[in-house]
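Visitor: Please choose one part of this protein and look at it closely with me. I am new to structures, so explain any term before you rely on it.

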Amino acid sequence: MTALPPALQRLMETLERLPGIGPKSAARLTFFLLKQPELARTLAEALQALEAVTLCQRCFHITEAGQPLCAICRDPNRDASTICVVEEPLDVLALERAGVYQGVYHVLHGVISPVEGVGPEDLRIPELLDRVTQGEVKEVILATNPSLEGDATASYLASLLKPLGVRVTRLAQGLPSGGDLEYADPLTLVRALVGRQEVT
Ligand SMILES: [Zn+2]
């Protein structure tokens, strides 16, 4: 194979590191962008702007630059006494799309996974416990994915939260098992939320 200009080589190798992108797709995207300078510029600017995005200091959802708290935590109409615990910011977006949840969130940024070497200390668990201990939190909804790791993480969290005297609930069954919250349709999410059950 003829050597490509370093700029193309670099873009191709970078794209290949994205989830779901193999060498062929990376090459196709690279040559596509080469022919679309306008799109390439927009994409470059959008990527640059990512650097300004940070995590909310309270719930660890994404927030804009210069805003220590995310839009949800800043909203006085949200019920701060109910915290919904999710794995990733994308789960927040999925639940927000469903449009029925009025409480606030806490994003763990992963799940406990011995296989992948992720322990409780790698997640935003101490921060969650702090919130529950300090605030006027009445209920914590465990909305980790219905997977092996998601369930195990929920059980672990329940064992830490229940002694703190809060109501601990888990989303109802009905979400596709092993499926991600972010792929569930809004109606399924609403049902799971409304039918949530006390963790005993
Ligand atoms: Zn927040």
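Guide: Helices and strands are runs assigned by DSSP, a helix (H or I) having at least four residues and a strand (E) at least two, and they are numbered from the N terminus. The model is a predicted one, and in it the protein has eight helices and seven strands.

With those names we can place a residue such as His 109, which lies in the loop between S4 and H6. The phi of His 109 is positive, about 65°, although His 109 is not a glycine. Most residues other than glycine have a negative phi. With 14 C-beta neighbours inside 10 Å, His 109 counts as partly exposed, because a residue is called buried at 20 or more and exposed at 12 or fewer. Phe 60, in the loop between strand S1 (54-55) and S2, also has a positive phi, near 70°, and is not a glycine. Phe 60 has 22 other C-beta atoms within 10 Å, and therefore counts as buried.

The part I would like to examine closely is the nonpolar core, together with a helix that contributes to it. As background, the C-alpha trace of the protein spans about 65 × 35 × 35 Å along its principal axes, and buried residues make up 26% of its 200 residues. In soluble globular proteins, nonpolar side chains tend to be buried together. Here the largest nonpolar core has 36 residues, and those with the most contacts inside it are Cys 84, Val 85, Val 86, Tyr 105, Val 140, Leu 142 and Ala 143. At least two residues of this core come from each of strand S3 (79-86), helix H5 (89-98), strand S4 (103-107), helix H6 (125-134), strand S5 (139-142), helix H7 (148-161) and helix H8 (186-194). The element that gives the most to the core is S3, with four residues.

Val 140 shows how such a core draws on separate stretches of the chain. If we leave aside its neighbours within four places in sequence, Val 140 is in contact with Ile 83, Val 85, Val 132, Leu 161, Val 166 and Val 168. For the protein as a whole, among contacts between residues at least 6 apart in sequence, 53% join residues at least 24 apart.

Let us now follow H5, one of the helices that supply this core. Its buried residues are Pro 89, Asp 91, Val 92, Ala 94 and Leu 95, and what covers them includes strand S2 (62-63), S3, S4 and H8. An α-helix has 3.6 residues a turn, so residues three or four places apart point the same way. Just after H5, Gly 99 takes a positive phi of about 75°.

One of the elements that cover H5 is H8, and it is worth asking how these two helices are arranged. Two packed helices are described by the angle between their axes and the distance between the axes. For H5 and H8 the angle is about 90° and the axes are 8 Å apart; the two helices are therefore roughly perpendicular to each other. On the H5 side the residues that meet H8 are Ala 94, Leu 95, Arg 97 and Ala 98, and on the H8 side those that meet H5 are Pro 186, Leu 189 and Val 190. By class, this contact holds six nonpolar residues, no polar ones and one charged.

For a comparison, turn to H1 and H2. The axes of helix H1 (residues 6-16) and helix H2 (residues 23-35) come within 8 Å and cross at roughly 135°, which makes H1 oblique to H2. The crossing of H1 past H2 is right-handed. Leu 8, Leu 11, Met 12, Leu 15 and Glu 16 of H1 meet Pro 23, Ala 26, Ala 27, Leu 29 and Thr 30 of H2, and this contact has eight nonpolar residues, one polar and one charged.

Two leucines in this pairing can be examined one at a time. Leu 8, in helix H1, is partly exposed, with 15 other C-beta atoms within 10 Å. The C-alpha atom of Leu 8 is separated by 38 Å from that of Pro 114, which is 106 residues away along the chain. Leu 29, in helix H2, is likewise partly exposed, with 17 other C-beta atoms within 10 Å. Between the C-alpha atoms of Leu 29 and Ala 7, which are 22 residues apart along the chain, the separation is 14 Å.

Key
Residues numbered from 1 in each chain as written. Predicted model: local features only at pLDDT ≥ 70, side-chain atom pairs only at ≥ 80, totals over all residues. Axes fitted to C-alpha atoms, helices over the stretch in contact; angles between N-to-C directions. Parallel < 35°, antiparallel > 145°, perpendicular 65-115°, else oblique. Left-handed = near helix turned anticlockwise from the far one by under 90°. Contact = placed C-beta atoms within 7 Å. Nonpolar A, V, L, I, M, F, W, Y, C, P; charged D, E, K, R; others polar. Core = buried A, V, L, I, M, F, W, Y, C linked by C-beta atoms within 7 Å.
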